[in-house]
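This report covers one protein chain, from its overall build to its cores, salt bridges and surface.

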Amino acid sequence: MKNARQTAILSIIERENIETQEELASKLREMGIVVTQATVSRDIKELRLLKVLSPNGSYKYATADKAEHGVSERLVRMFIDSVLSISCAENLVVIRTLPGSANAAGEAIDSMRWPEILGTISGDNTIFVAVRSAGEAPVVVEKFQEILKR
């Protein structure tokens with residue numbers, strides 16, 4: 001019963017902008033699932049749902065990964081807007097950014113979670129990206145270049 005209800009909740013918030021627990025409970029009842037607001041509240045906590053800003057300016061429930069996706073998209077946009085140059089040397093990719101932009105661009109890189117990347121170090125206008133091998137560094141540079149073409 002609980003698993004079916006929580007699956008229904010995930011399905012509802014995927015399809016619709018649900019702003020309140022009451023609205024979510026109402027949608028569940030429309031599906032024939034009898035719930036109280038307290039049960040919906042517990043389910044929201046167990047599912048670790050978050051309130052995120054929707055495109056229309058209101059808040060809605062979303063899973064953590066969906067919320068993170070929105071943040072990641074903004075970071076990628078910041079990456080695109082701030083990168084000046086990308087080059088590589090051995091297994092390091094060096095990215096030059098506008099002054100003060102390296103931390104946000106570095107966070108965008110970290111949020112991409114590419115398997116070739118071991119980690120990043122960001123300064124004020126430079127990011128060092130440690131890549132698993134020297135052979136993978138040009139591949140990573142090409143992937144970054146593709147992002148910049150967006």
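The text below takes the fold, the cores, the salt bridges, and then a few single residues and a surface patch.

## Overall build

The model is predicted. The protein contains six helices and six strands, and from the N terminus on these elements follow the order α-α-α-β-β-α-β-β-α-β-β-α. Along its principal axes the C-alpha trace spans about 60 × 30 × 25 Å. The radius of gyration is 21 Å, whereas a compact globule of 150 residues would have one near 15 Å.

Of the 150 residues, 39% are buried. Among contacts with a separation of 6 or more, 51% are between residues 24 or more positions apart. The exposed area of the protein is about 8700 Å², and carbon and sulfur atoms supply 53% of it.

## Two nonpolar cores

The largest nonpolar core has 23 residues, and Phe79, Val93, Ile95, Ile109, Val129 and Phe144 have the most contacts inside it. At least two residues of this core come from each of helix H4 (64-82), strand E3 (83-89), strand E4 (92-97), helix H5 (102-112), E6 and helix H6 (137-148). Another core, of 14 residues, lies apart from it; Ile12, Ala25, Leu28 and Ile33 are among its members.

Which residues does Phe144 touch, not counting those up to four places away in sequence? They are Phe79, Ile86, Val93, Ile95, Ile109, Met112, Trp114, Ile117 and Val129.

## Salt bridges

The structure holds seven salt bridges. Three of them are set out here.

| Salt bridge | N to O distance |
|---|---|
| Lys2 and Glu46 | 2.8 Å |
| Arg5 and Asp43 | 2.5 Å |
| Lys143 and Glu116 | 3.2 Å |

The salt bridge of Lys2 with Glu46 has its closest N and O atoms 2.8 Å apart. This pair links distant parts of the chain, with Lys2 in helix H1 (residues 2-15) and Glu46 in helix H3, 44 residues apart. Lys2 is partly exposed, at a relative accessible area of 39%, and Glu46 is also partly exposed, at 42%.

The side chains of Asp43 and Arg5 meet at 2.5 Å, N to O. Here too the pair links distant parts of the chain: Arg5 belongs to helix H1 and Asp43 to helix H3, 38 residues apart. Both Asp43 and Arg5 are buried.

The third pair, Lys143 with Glu116, has an N to O distance of 3.2 Å. Lys143 lies in helix H6 and Glu116 in the loop between H5 and strand E5 (117-122), so this salt bridge ties together parts that are 27 residues apart in sequence. Lys143 counts as partly exposed because its relative accessibility is 28%, while Glu116 is buried, with a relative accessible area of 12%. Elsewhere, Arg15, Glu16 and Lys27 are joined into one network by salt bridges that share partners.

## Loop residues

Most residues other than glycine have a negative phi. Arg48 has a positive phi, near 55 degrees. Its place is the loop between helix H3 (37-47) and strand E1 (50-53). Is Arg48 buried or exposed? Arg48 counts as exposed because its relative accessible area is 65%, and the cut-off for that class is over 50%.

Glu90 likewise has a positive phi, near 55 degrees. Glu90 lies in the loop between E3 and E4, and is exposed, with a relative accessible area of 64%.

Thr63 sits in the loop between strand E2 (59-62) and H4. At 17% relative accessibility Thr63 counts as buried, because the cut-off for that class is under 20%. Leaving aside neighbours within four places in sequence, Thr63 is in contact with Leu10, Ile13 and Leu49.

## A surface patch

Leu92, Ile121 and Phe128 make a nonpolar surface patch of about 280 Å². Phe128 lies in strand E6 (residues 126-131). Phe128 has a relative accessible area of 41% and is therefore partly exposed.

Technical notes
Residues are numbered from 1 along each chain as its sequence is written. This is a predicted model: local features need pLDDT of at least 70, side-chain atom pairs count only at pLDDT 80 or more; totals for chains, interfaces and linings use all residues. Side-chain values use heavy atoms; hydrogens and water are left out. Patches are made of residues with over 30% relative accessible area and no salt bridge: like charges are joined within 9 Å, nonpolar side chains (Val, Leu, Ile, Met, Phe, Trp, Tyr) within 5 Å. Accessible areas come from the Shrake-Rupley method with a 1.4 Å probe; for residues, only the protein chains shown count as cover. A salt bridge is a side-chain nitrogen of Lys or Arg within 4 Å of a carboxyl oxygen of Asp or Glu. Helices (H or I, at least four residues) and strands (E, at least two) are DSSP runs, numbered from the N terminus. Buried means under 20% relative accessible area, exposed over 50%, partly exposed in between (1.4 Å probe, protein chains only). The radius of gyration is taken over C-alpha atoms; the globule rule is 2.2 Å times the number of residues to the power 0.38. Contact means heavy atoms within 4.5 Å. A nonpolar core is a set of buried Ala, Val, Leu, Ile, Met, Phe, Trp, Tyr and Cys residues joined through side-chain atoms within 4.5 Å.
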